[in-house]
Amino acid sequence: MYVCICHGVTDQDIRNAADAGCGSMAELTMRTGLGSGCGTCGEFAREILDDARAAKVLPLPVFAVAA
């Protein structure tokens, strides 16, 4: 789905950027141009970026205590 019509950036483009290490909206804008046009995509793009980054962080496994 297109998130930024001005620059043709999709939700998958945002997820790919997060997978490549993009950690902020400023960096996402530098990489894709997203948000540098009319700016209406910013809030939705931030949600996608935050969700993609959160999914990448895996919790530590819980180990049973050896008896």
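**Helix α1, the nonpolar core and side-chain pairs in a predicted model**

The side chains of D11 and R15 make a polar contact at 2.7 Å, a polar contact being a pair of N or O atoms within 3.5 Å in which, within protein, one atom must be able to donate a hydrogen and the other to accept it, with residues adjacent in sequence counting only if both atoms are side-chain atoms. The model is predicted, so that local features need pLDDT of at least 70 and side-chain atom pairs count only at pLDDT 80 or more, whereas totals for chains, interfaces and linings use all residues. Residues are numbered from 1 along each chain as its sequence is written, and side-chain values use heavy atoms, with hydrogens and water left out.

The pair also satisfies the criterion for a salt bridge (a side-chain nitrogen of Lys or Arg within 4 Å of a carboxyl oxygen of Asp or Glu), since the closest N and O atoms of R15 and D11 are 2.7 Å apart. Both residues belong to helix α1, where they are four residues apart, or about one turn of the helix; helices (H or I, at least four residues) and strands (E, at least two) are DSSP runs numbered from the N terminus. D11 is buried at 15% relative accessibility, while R15 is partly exposed at 34%, where buried means under 20% relative accessible area, exposed means over 50%, and partly exposed lies in between (1.4 Å probe, protein chains only). The structure holds two salt bridges. E27 forms one with R31, with the closest N and O atoms 2.8 Å apart, and these residues are separated by about one helical turn because they lie four residues apart in helix α2. E27 is partly exposed, with a relative accessible area of 24%, and R31 is partly exposed at 42%.

Helix α1 spans residues 11-19, and D11, I14, A17 and A18 are buried within it. These residues cover an arc of only 120° around the axis, which puts them on the same side of α1; the arc is that of the directions from the helix axis to the C-beta atoms. The buried residues of α1 pack against β1 (2-4), β2 (9-10), α2 (25-32) and α3 (42-56). With neighbours within four places in sequence left aside, D11 is in contact (heavy atoms within 4.5 Å) with M1, V3 and I48. In strand β2, T10 is buried at 17% relative accessibility and, under the corresponding sequence exclusion, touches M1, Y2 and V3. Just after α1, G21 takes a positive phi of about 105°.

A nonpolar core is defined as a set of buried Ala, Val, Leu, Ile, Met, Phe, Trp, Tyr and Cys residues joined through side-chain atoms within 4.5 Å. The largest such core has 15 residues, of which V3, I14, M25, L28, L34, A45 and L49 touch the most other members. Two or more residues are given to this core by each of β1, α1, α2 and α3, and the largest share, four residues, comes from α3. Beyond four places in sequence, L34 touches V3, C4, H7, V9, I14, M25, L28, T29, C41 and A45.

Two of these partners of L34 are the cysteines C4 and C41, which are both buried, at 2% relative accessibility for C4 and 7% for C41. The sulfur of C4 lies 3.9 Å from its closest cysteine sulfur, in C41, which is too far for a bond. A search of the whole structure finds zero disulfides, a disulfide being a pair of cysteine sulfur atoms within 2.5 Å.
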